[in-house]
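Here are a few short exercises to work through with the viewer open. Try each one yourself before you read the solution.

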Amino acid sequence: GSGDEGAETPGGTTAESFVVYSARDKKVTDFVVEQFVAKNPEYKGKVEVLNMGAQEVLERTRAEKANPQGSVWWGGTQQGLSTGANEDLLEAWQPSFAGTMDARYKDAQGRWFGEILLPEVIMYNNKAIPADQAPKDWDDLIAPQWKDKVIIRDVPASGTMRSIYSAMIQRLSPDGSNPQPGYDWLKKLDANTVEYAANPTDLYVKMSREQGVLSAWNLQDILLQSERSKMPFGYVMPASGAPVLVDGVAIIKGGNSEGAKKFLEFLFDGTLRANLAKDFFQIPAVPIAEQPEWLANLGLKPMDVDWDVIAKNETDWINHWNAEIKNKG
Amino acid sequence: MTAVSSTVPSRRGEWARRLRGGASAAWFPYLLVAPLVLILWGYVVQPMLATFAESVSDDGTANYTQFLTSSGVARTSLITSLVISAASVLLCGVVGVAMAFLLKRFSFAGRRLIEAFILVPAALPPLIGAISFQLLYSEIGILPRGLQQLLGTAQPVLAFDGIAGVLVVHTFTMYPFFYLAASAALAGFDPSIEEAAYNLGAGRIRVWRTVLLPMLTPALVSASLLVFMTSLASYTAPLLFGVDQTMTMQIYINRTNGDLPMASTYAAVLGLVSIAFLLLMRWYEGRRSYLSQSKGVSAQRREIANPIGRWLAPVASVLAALVLLAPVATIALVAFSADGSWTTEVIPSAYTMDNFVTIFSEPRAFEPILNSLKMSVLATAGCVVVGVLIAYAVRRLKFVGRSLLDVGVMIAWALPGTVVAINLISAFSTGNGFSFGQALIGTFWILPLAYFVRFLPLVFRASSASLALIDPSLEEAARNLGASWWRAFLSITVRLMLPGVIVGALLAFVHGVGEFVASVLIYTSSTTPISVAINNRMYSFEIGTAAAYGMLQVVLIFVVMWFSGRLEGGGRAASRGAEQWTN
Amino acid sequence: MIDVKLESVSKRFTRSGEAAAVDDVTLTIAAGEFFTLLGPSGCGKTTTLRMVAGFYFPTAGHIHFGEQDVTRLAPNKRDTGMVFQNYALFPHMSVAQNVAYGLKVRKVSRADTARRVAQALTEVHLDGYGTRRIDELSGGQQQRVALARALVIRPRTLLLDEPLSNLDAKLREETRTEIRRIQRESGTTSLYVTHDQAEAMAMSDRIAVMRSGQVQQIGTPREVYHEPANAFVARFIGRSNVLSLPVTSAEATRVGVALPGGGRVTATAPDGHGLGEGDTALVAARPEHVVLVSPEEPDAIRGTVTGVEFTGMATHVTVDIGAGADGDVTVAAVDVPDRVDVGDRVGLRLPAERLWVVRP
Amino acid sequence: MIDVKLESVSKRFTRSGEAAAVDDVTLTIAAGEFFTLLGPSGCGKTTTLRMVAGFYFPTAGHIHFGEQDVTRLAPNKRDTGMVFQNYALFPHMSVAQNVAYGLKVRKVSRADTARRVAQALTEVHLDGYGTRRIDELSGGQQQRVALARALVIRPRTLLLDEPLSNLDAKLREETRTEIRRIQRESGTTSLYVTHDQAEAMAMSDRIAVMRSGQVQQIGTPREVYHEPANAFVARFIGRSNVLSLPVTSAEATRVGVALPGGGRVTATAPDGHGLGEGDTALVAARPEHVVLVSPEEPDAIRGTVTGVEFTGMATHVTVDIGAGADGDVTVAAVDVPDRVDVGDRVGLRLPAERLWVVRP
Ligand SMILES: Nc1ncnc2c1ncn2[C@@H]1O[C@H](COP(=O)(O)OP(=O)(O)OP(=O)(O)O)[C@@H](O)[C@H]1O
Ligand SMILES: Nc1ncnc2c1ncn2[C@@H]1O[C@H](COP(=O)(O)OP(=O)(O)OP(=O)(O)O)[C@@H](O)[C@H]1O
Ligand SMILES: [Mg+2]
Ligand SMILES: [Mg+2]
């Protein structure tokens with residue numbers, strides 16, 4: 001209920017400075033901004049990064065619609081970005097890197113672009129389970145032997161988990177018309193689940209302290225945790241494939257789009273991407289020249305997921321799971 | 001009744017006379033309240049109405065009918081939330097009042113220190129605080145695991161989970177509402193009333209039940225309101241303990257689902273429930289008077305002979321303090337333990353200073369702390385000025401719409417922080433009259449403003465409770481001696497309210513320093529508060545450094561508590577209760 | 001010169017079904033006058049005082065200070081000094097700070113304040129108590145602080161609500177002399193409430209006797225005492241024996257009545273008493289005027305002693321004179337024959353020149 | 001039978017440099033006795049009462065109830081009913097609930113409670129006020145509630161701290177009769193504090209006069225009034241004229257003194273007064289015994305009237321008798337010659353049989 005006279009307010013577009021709303025780790029943003037400024041000295045001190053959760057980026061962008069404060073939305077799920085796009089929060093454009101990007105990873109109208117790919121894999125505690133005994137595929141997770149060994153980051157409030165669970169349903173019903181087999185599968189998973197974790201941190205703590213030893217989680221974080229924080233985590237690329245989520249970037253309508261465009265162009269710079277892949281285990285959504293070792297050996301097997309079907313049904317499915325399946329298996 | 005009507009003078013004469021009434025005139029309350037109402041309307045009520053409007057935007061009241069159907073999530077959530085809130089009020093009441101009794105009625109070595117510690121649980125940083133509870137009491141917690149090892153059982157012992165876990169967290173973090181309110185009231189209590197009850201043969205317990213507790217009603221009502229509303233709007237605890245059928249969880253889930261009208265519906269219902277509870281409490285409190293009618297000022301000296309009491313009190317207080325400090329100790333453990341060194345062990349196996357080195361070696365490490373300090377102090381100052389005035393207006397002045405004013409203030413506390421922040425953004429993303437035509441979004445001022453709106457109820461409630469125990473004839477005496485209303489208000493009424501005001505200000509300050517959910521939506525890089533800084537660490541699972549940051553926050557709050565304890569100690573009338581219980 | 005004027009002032013508390021606490025009271029107090037409100041507990045004295053001070057607004061009627069209508073004037077603009085019945089001392093200030101408050105408000109210089117506070121404390125016999133906390137004082141000491149606080153500002157109007165009730169007789173007397181001295185010296189108009197009738201008699205220029213919110217009589221102490229307007233006033237002020245006696249003769253200001261013992265006396269009656277032969281007159285006699293005589297004395301009223309009460313200065317003897325009259329008669333005598341005891345038969349004589357016919 | 005015994009009880013507040021509030025007080029009160037503490041404001045009466053009630057512990061000394069040492073017994077186990085000087089009513093309860101509190105504690109049945117509460121309220125003239133809130137009562141009404149609350153439980157010991165100070169004379173008299181009746185009927189031992197000396201005289205079996213925490217004299221009202229132990233008691237109880245006069249002759253219980261006017265009288269003296277010729281004796285005379293005579297009368301003490309005070313029952317005339325003596329003499333007279341006015345020369349006669357030599 002506001003914005004009567006907002007058109008005249010200059011807002012944040014004065015000079016060239018711009019604000020980035022980022023759901024990326026602060027280490028990543030600091031690193032990237034440093035490089036960006038080094039390359040574009042005129043932006044020294046003009047790039048402001050605010051770190052927050054992906055959901056909060058959406059909330060904030062939405063709330064500020066009348067007078068946008070941010071220029072770049074850096075880090076968000078496909079669903080989140082689509083929501084933003086549909087609410088007319090994002091600016092459509094055609095960057096130079098768009099051409100090399102798989103159409104699945106970007107918005108058709110150019111309102112958002114995938115930055116990194118997040119394969120969702122099976123995570124296990126490698127102190128508790130030897131690598132050879134870890135489950136090999138999704139269906140292994142529902143085996144009775146893992147009763148009370150699984151910990152799941154609670155689903156409804158997590159974009160990642162919603163995608164994984166929806167993918168599990170859609171896997172068994174390609175057109176999404178009959179979710180029942182998927183529900184049954186999730187019910188069995190629920191039976192094996194000892195606890196739902198409140199947030200990623202909670203998940204890591206509970207995994208490391210062995211309240212449960214198995215989970216489904218994204219590859220990047222598993223690698224980061226085990227390498228950086230010395231967590232006892234290992235991963236298994238599921239035999240039937242990993243749902244690959246796209247995590248993207250966008251330009252916020254009404255912000256400083258000039259600086260924002262420059263920044264995004266830089267974000268897809270080849271060397272930068274290589275560095276990010278090496279140091280932060282990011283899988284870029286665009287092809288890059290030099291892949292670090294881990295990426296080259298990854299053997300990523302994407303699961304064939306129809307995100308359109310999921311987008312149509314996700315709310316219903318997850319609501320059903322929340323009401324009828326969770327803690328009832 | 002037959003009103004005696006005198007000759008009606010001319011209209012002008014009548015007005016002139018009315019205007020001359022000054023602070024005791026009928027129009028005075030409106031004059032005093034008008035700016036407050038404007039502030040509330042602009043900053044609180046209008047945005048809340050927007051929420052309501054949104055909740056009925058899509059399909060009318062259909063969203064609301066969901067709360068009436070017995071099977072739906074909506075209704076279960078509502079009931080779960082209500083149960084949790086009611087239980088939290090009870091538990092916090094018991095713990096808080098008991099602590100107040102121990103610490104304010106007995107004096108023993110170290111009492112001061114414990115008093116300074118006692119607010120720390122309320123000051124636990126979000127997320128890291130909640131996690132510390134998990135590390136303590138949940139299935140992976142130190143306590144259950146320790147017991148498991150001790151007793152050699154297969155499963156962790158006494159692990160809290162679900163609603164029980166939520167209640168534990170609520171009790172720990174919210175009992176200070178009761179503790180502070182009750183101790184301020186106990187200190188200002190007319191001791192002769194208690195003596196009269198003993199004299200009539202009532203035993204200690206009976207005196208508590210029939211005289212002290214009822215006389216503490218304003219304080220307890222104030223604390224109950226705050227605890228009830230906080231529990232209702234509590235998010236992290238249900239999240240961590242996996243109780244997802246609560247109102248706040250549903251708000252979050254619906255927002256994630258993109259069902260904004262439904263989320264607003266939940267928020268509106270939350271508000272309505274809180275208002276209903278508020279009105280109920282107002283009615284309950286209003287039934288009786290709590291103002292001592294004693295002549296003169298009673299001697300504060302009371303003496304106890306009971307040696308058990310003398311020994312029991314310190315022992316019990318120290319035990320309680322240990323339990324209360326356990327979460328802080330847990331954070332300290334994490335802060336000093338090496339990353340990855342603590343997995344299945346009961347307590348960490350390796351210790352290090354690295355986490356502190358990490359934060360201090362950062363160039364702008366202290367900035368978030370200073371930011372939080374600055375913004376909280378600003379907001380608290382605003383809360384004190386406005387809160388005290390509203391408390392006075394609502395309690396002492398007679399005017400139409402007193403209850404509405406009360407509700408208007410409290411509503412900001414009843415709603416989840418996210419909702420408040422989003423409302424503020426909508427209200428101030430462009431300039432309007434309340435911001436002097438400035439767009440506050442993206443400026444420094446939006447954060448203190450948000451804190452002000454959110455924490456005003458804390459100061460208001462605490463002040464109001466202490467005002468209920470102050471004899472209005474003291475202010476009359478001052479006016480009679482020639483003091484203007486302002487002077488009498490400041491030098492007498494506010495001075496006597498001070499214990500309550502300090503309590504409110506402390507609560508506001510502490511909550512300001514810890515505020516996260518609203519801050520994260522409106523902060524800018526130059527106003528990054530400490531909570532966001534901690535959260536950024538948590539986000540990248542640098543739990544050690546996050547805990548180290550958390551420790552800094554705890555220390556900051558502890559220092560403030562210590563000094564405010566001093567401050568209060570200076571105000572003799574207020575806190576001289578305890579010393580005199582021992583001869 | 002009229003200084004304070006109450007014009008048909010009424011005050012009704014919202015409690016439904018209650019009579020007005022103050023009911024159509026009209027009073028005028030001259031400048032410098034010492035005016036006392038007397039009346040039974042709960043008759044509306046405090047309420048009246050509070051309206052004059054400005055803490056209550058009259059439900060009806062007007063209050064004037066001199067020419068100015070102050071009915072709704074703010075209390076701090078009235079320049080009244082009030083001693084509250086419950087003291088209303090500031091608990092967070094020391095004794096001296098309490099007393100100094102009004103001076104500070106008036107921006108009296110620091111040195112002057114100190115001097116005047118010290119003097120005021122001396123006046124109420126509290127020298128040396130300046131640094132005490134209020135709760136370290138006895139009840140009477142607190143009352144004296146309240147008094148000093150009101151006196152020290154030398155207000156235009158003093159409002160004293162039982163300011164001496166918790167003091168001992170000795171101190172009360174000294175203090176009332178002090179109050180009167182200050183009041184006379186500074187020509188302060190004073191409105192005084194007391195329960196002590198001797199005090200009211202001794203201090204007041206005029207007295208208003210109230211009952212259930214209404215004024216019964218206004219007059220000088222002697223008028224109120226010796227010429228009570230009605231039986232209530234007669235009974236209320238001092239101890240009075242009010243007897244209903246048959247009228248035997250009636251003149252303009254004298255009424256003859258028949259005594260129970262058989263005698264006949266002529267009592268003074270107010271103008272327009274309207275009594276005639278055969279009516280019953282209410283005749284008031286003060287105990288100190290009733291004389292205890294031998295029951296054998298002719299025309300004496302005979303009765304049985306039902307109570308003997310030693311009050312120091314006098315001894316009160318209560319005598320039951322039988323069903324025919326209103327019951328008991330009290331005799332106050334400085335020197336009571338030691339043999340008088342409960343149960344004794346005694347005779348009483350009523351002195352004609354001290355009998356007063358009162359309205360019912 | 002001794003019911004309450006205070007043995008060398010002292011109470012010292014921690015304030016440094018202060019004298020003890022109660023200093024080595026020893027008293028015994030018999031069962032059923034009505035015992036009054038009298039003394040100037042701040043002399044330690046309330047403190048003594050509070051020690052008996054158990055709210056203060058004596059700094060030294062012991063308190064016994066019968067055989068039991070209660071010095072440190074909890075207040076609720078003492079079965080005392082106290083009327084607090086400041087009332088200490090429960091503001092969150094109605095009038096009736098206040099009065100019923102002690103009965104509820106004693107588990108009196110509901111019906112009985114209702115009956116007794118109603119009766120107690122009637123005794124203090126508050127019928128119909130049961131449902132009122134405390135803050136809707138006048139000061140005197142509050143005091144009566146406090147009184148009813150203490151009386152209704154019929155305690156073993158009644159402690160009354162100025163329970164009638166805010167009541168008008170009429171009501172005070174009625175209420176004190178009521179208190180005495182209840183006290184006699186139930187044989188309650190009572191410890192009473194009052195500032196009203198007439199009240200103390202009228203009600204008490206025995207009186208203890210205190211000063212600065214110390215007991216000056218204990219005795220029946222007549223003893224204290226007519227045979228004061230020292231000048232302080234003489235001056236404090238009632239109005240007394242204490243003159244220092246030269247001794248002209250001395251016997252065991254009689255001392256002759258020279259009057260300022262030239263005459264000579266013989267006054268009663270206490271045993272072992274130790275006075276001899278040439279010493280100065282303090283001689284006390286009550287105003288009501290001093291007779292106002294013409295200044296021409298031989299041997300009259302001559303002086304100038306400095307004050308005339310009408311108190312209703314009597315008129316007090318203060319006469320300055322010159323530098324030679326202690327200053328003023330007060331005469332109380334029921335019928336003062338109307339011509340006596342300030343400045344008049346008058347004569348005084350002291351009646352030998354009413355003079356009493358007191359210790360300094
Ligand atoms: N809490 C206290 N701290 C220090 N001194 C005190 C305290 N209470 C009373 N006193 C002092 O002790 C003395 C006795 O007080 P107490 O209340 O017993 O007097 P009292 O005889 O009841 O007087 P009053 O007739 O005025 O009520 C007084 O001088 C008083 O100032
Ligand atoms: N706030 C109130 N609400 C309702 N009734 C009240 C209130 N205050 C006083 N009254 C009633 O008004 C009447 C007059 O009260 P007021 O205090 O003027 O009496 P008072 O003459 O001062 O008596 P006292 O001598 O006992 O102090 C009393 O009957 C009292 O009960
Ligand atoms: Mg009164
Ligand atoms: Mg006292």
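**Exercise 1.** Which backbone nitrogen lies 3.4 Å from a polar atom of the side chain of A:S173? Place A:S173 in its chain as well, and decide whether it is buried or exposed.

*Solution.* Keep in mind that this is a predicted model.
- Step 1: find the residue. A:S173 sits in the loop between α4 (159–172) and α5 (180–192) of chain A.
- Step 2: look for the partner. The nitrogen belongs to the backbone of A:S177.
- Step 3: skip neighbours within four places in sequence, and A:S173 is in contact with A:N178 and A:P179.
- Step 4: check the cover. The relative accessibility of A:S173 is 5%, and buried means under 20%, so A:S173 counts as buried.

**Exercise 2.** Work out which protein atoms are donors of the magnesium ion (ligand 3), and where they come from in the chain.

*Solution.*
- Step 1: pick out the donors. They are OG1 of C:T46 and OE1 of C:Q85, at 1.8 to 2.2 Å from the ion.
- Step 2: map them onto the fold. C:T46 is in helix α1 of chain C, while C:Q85 is in the loop between β6 (80–83) and α2 (95–105) of that chain; with their positions 39 residues apart, the pair links distant parts of the chain.
- Step 3: sort them by accessibility. C:T46, at 22%, counts as partly exposed, whereas C:Q85, at 12%, counts as buried.

**Exercise 3.** Describe the surroundings of ligand 2, and explain why its site is shared between chains.

*Solution.*
- Step 1: list the shell. Ligand 2 is surrounded by 21 residues, and the closest are C:S41, C:T46, C:T47, D:S138 and D:G140.
- Step 2: read off the chains. The surrounding residues come from chains C and D, so the site is shared.
- Step 3: sort the shell by type. That gives five nonpolar, 11 polar and five charged residues.
- Step 4: go through some contacts to oxygen atoms of ligand 2. A polar side-chain atom of C:T47 is 2.4 Å from one; for C:Q85, a polar side-chain atom is 2.8 Å away. C:K45 uses a backbone N or O atom, at 2.8 Å.
- Step 5: look at the burial. On its own, ligand 2 exposes 630 Å², and the protein buries 90% of that.
- Step 6: name the elements. Those giving two or more residues to the shell are α1 (45–53) of chain C and α4 (139–152) of chain D.

**Exercise 4.** How far apart are the nearest C-alpha atoms of chain A and chain C? Do the same for chain A and chain D.

*Solution.* For chains A and C the distance is 43 Å, and they do not touch. For chains A and D it is 46 Å, again without touching.

Conventions: Residues are numbered from 1 along each chain as its sequence is written. Chains are lettered from A and ligands numbered from 1 in the order in which they are written. This is a predicted model: local features need pLDDT of at least 70, side-chain atom pairs count only at pLDDT 80 or more; totals for chains, interfaces and linings use all residues. Side-chain values use heavy atoms; hydrogens and water are left out. A residue is near a molecule or strand if one of its heavy atoms lies within 4 Å of it. A polar contact is a pair of N or O atoms within 3.5 Å; within protein, one must be able to donate a hydrogen and the other to accept it, and residues adjacent in sequence count only if both atoms are side-chain atoms. Accessible areas come from the Shrake-Rupley method with a 1.4 Å probe; for residues, only the protein chains shown count as cover. Helices (H or I, at least four residues) and strands (E, at least two) are DSSP runs, numbered from the N terminus. Ala, Val, Leu, Ile, Met, Phe, Trp, Tyr, Cys and Pro count as nonpolar, Asp, Glu, Lys and Arg as charged, and the others, Gly among them, as polar. Contact means heavy atoms within 4.5 Å. Donors are N, O and S atoms within 2.8 Å of the metal (3.2 Å for Na, K and Ca); water is not among the atoms, so sites may look incomplete. Buried means under 20% relative accessible area, exposed over 50%, partly exposed in between (1.4 Å probe, protein chains only).
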